[in-house]
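Me: Please take one single part of this structure and go through it slowly with me, as I am in my first year and would like to see how the pieces belong together. I would rather have one careful, connected account than a list.

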Amino acid sequence: MSVAEFFNMGGYAFYVWGSYGVTLLVFVVEILMVNHKRKIALQEVRMMREAGEEL
Amino acid sequence: MAINWFKYSAPSTFYGLAGKLVPFFAIPAAVLFAIGMYIGFFVAPVDAVQGEAYRIIFIHVPASILSMFLYLIMAGYAALGLIFNTRLSSMMATALAPTGALFAFISLWTGALWGKPMWGAWWVWDARLTSELILLFLYFGFIALHASIDDPRRADRAAALLAIVGSVNVPIIYFSVKWWNTLHQGSTIKFTGTSMHIAMQQAMFVTLLACWMYAVAVALVRVRSIILDRERTTQWVSELKEIA
């Protein structure tokens with residue numbers, strides 16, 4: 001099987017790669033989001049502590 | 001040796017444990033995905049009826065199983081939180097909801113892309129598809145209800161009730177292909193054996209394991225942020241190394 005044949009998926013390229021492509025995208029976005037959420041959570045704890053120290 | 005099983009039911013102790021556990025799930029998840037995809041695309045033979053299009057199964061089935069499994073785990077944690085008033089259980093339920101919703105979405109999305117070439121339709125209002133769509137809406141409902149109530153403990157209780165009531169939908173999804181005459185095919189993997197080629201089974205099983213480990217890793221990272229958010233005013237949070 002050639003590379004072109006592989007990517008063509010017997011004519012079902014759109015359906016097969018559309019499935020796996022979107023799945024990969026969902027995973028990547030979710031990983032970015034949980035990491036971002038962690039950054040924000042840490043930042044807020046820091047901000048609160050700094051505000052507390054000023055009192 | 002007496003083990004204190006309740007030690008890790010406190011958010012303060014679980015926070016550290018969860019952080020240590022993440023790589024033990026994230027790394028195997030990535031490796032298993034690679035193996036699963038390799039078997040699915042290069043080892044598993046082409047399907048006699050559906051041609052190459054059937055390869056969607058290697059993500060469609062694991063994502064669908066995970067969407068139902070995670071819902072039950074989420075409802076289980078929510079119920080524990082409701083019954084025993086344990087904060088961490090409710091936080092785990094909240095952490096699992098977005099990942100469960102994403103798996104339900106992947107299940108529907110890959111199903112649509114598989115349905116179009118095989119059935120000639122992206123979507124049909126068949127019992128299997130409709131009940132899976134309801135599952136996605138239950139996840140949305142859980143997330144939205146939790147977010148709409150300011151007091152986190154009250155939000156936990158209200159969302160828990162929704163999660164528990166909604167769990168009746170999971171067996172409905174599972175048995176829908178038996179109870180109703182659906183366009184969606186019946187179970188490929190049965191307790192009595194399967195008609196699938198061994199490499200197809202392996203690809204599906206390995207990807208399922210990868211999806212499960214991915215879900216655990218992501219939920220653990222998410223629950224740590226939820227713990228930080230909700231325990232912000234406590235002494236132990238302000239003493240964390242990563243805050244300095």
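Reply: A helix, as the word is used here, is a DSSP run of type H or I with at least four residues, and helices are numbered from the N terminus. The model you are looking at is predicted, and the part I will follow is helix α7 of chain B, which covers residues 198-230.

A good place to begin is Leu209(B), which lies in helix α7 of chain B. Is Leu209(B) buried, partly exposed or exposed? Residues count as buried under 20% relative accessible area and as exposed over 50%, with partly exposed in between, so Leu209(B), at a relative accessible area of 33%, is partly exposed. Leu209(B) also belongs to a nonpolar surface patch of about 500 Å², together with Ile65(B), Phe69(B), Ile73(B), Phe205(B) and Trp212(B). Helix α7 shares the making of this patch with helix α2 of chain B, residues 57-84, since each of the two supplies at least two of its residues.

Next come the charged residues of the helix, and here two salt bridges are worth following. Arg230(B) pairs with Asp156(B), and their closest N and O atoms are 2.7 Å apart. Asp156(B) sits in helix α5 of chain B, residues 152-166, while Arg230(B) sits in helix α7, so this pair ties together parts that are 74 residues apart in sequence. The two partners differ in how much of them can be reached: Asp156(B) counts as buried at 6% relative accessibility, whereas Arg230(B), at 23%, counts as partly exposed.

The second pair is Arg224(B) with Glu242(B), whose closest N and O atoms are 3.8 Å apart. Arg224(B) is in helix α7 and Glu242(B) is in the segment after α8 (235-238) of chain B, so the parts tied together by this pair are 18 residues apart in sequence. With a relative accessible area of 13%, Arg224(B) is buried, and Glu242(B), with 26%, is partly exposed.

This second pair also leads us to the other chain, as Arg224(B) and Glu242(B) are linked with Arg38(A) in a network of salt bridges. Arg38(A) has a further role in the contact between the chains, where it joins Tyr20(A) and Glu30(A): what do these three residues supply? Chain A and chain B bury about 3,200 Å² between them, 73% of it on carbon and sulfur atoms, and the three residues supply 20% of the area that chain A buries against chain B, more than any other three. The contact takes 28 residues from chain A and 41 from chain B.

Glu30(A) from that trio also forms a salt bridge across the chains, with Arg222(B) as its partner and 2.8 Å between the closest N and O atoms. Across the whole interface there are 3 salt bridges, and 13 residue pairs are in polar contact. On the side of chain A that touches chain B, helix α2 of chain A, residues 13-54, gives the most, with 24 residues.

To draw the picture together, helix α7 of chain B supplies at least two residues of a nonpolar patch, is tied to helix α5 through Arg230(B), and holds Arg224(B), which shares a salt-bridge network with Arg38(A) of the other chain.

Key. Residues are numbered from 1 along each chain as its sequence is written. Chains are lettered from A and ligands numbered from 1 in the order in which they are written. This is a predicted model: local features need pLDDT of at least 70, side-chain atom pairs count only at pLDDT 80 or more; totals for chains, interfaces and linings use all residues. Side-chain values use heavy atoms; hydrogens and water are left out. Patches are made of residues with over 30% relative accessible area and no salt bridge: like charges are joined within 9 Å, nonpolar side chains (Val, Leu, Ile, Met, Phe, Trp, Tyr) within 5 Å. Accessible areas come from the Shrake-Rupley method with a 1.4 Å probe; for residues, only the protein chains shown count as cover. A salt bridge is a side-chain nitrogen of Lys or Arg within 4 Å of a carboxyl oxygen of Asp or Glu. Buried means under 20% relative accessible area, exposed over 50%, partly exposed in between (1.4 Å probe, protein chains only). Contact means heavy atoms within 4.5 Å. Buried area is the accessible area (1.4 Å probe) that two parts lose on being put together, summed over both. A polar contact is a pair of N or O atoms within 3.5 Å; within protein, one must be able to donate a hydrogen and the other to accept it, and residues adjacent in sequence count only if both atoms are side-chain atoms.
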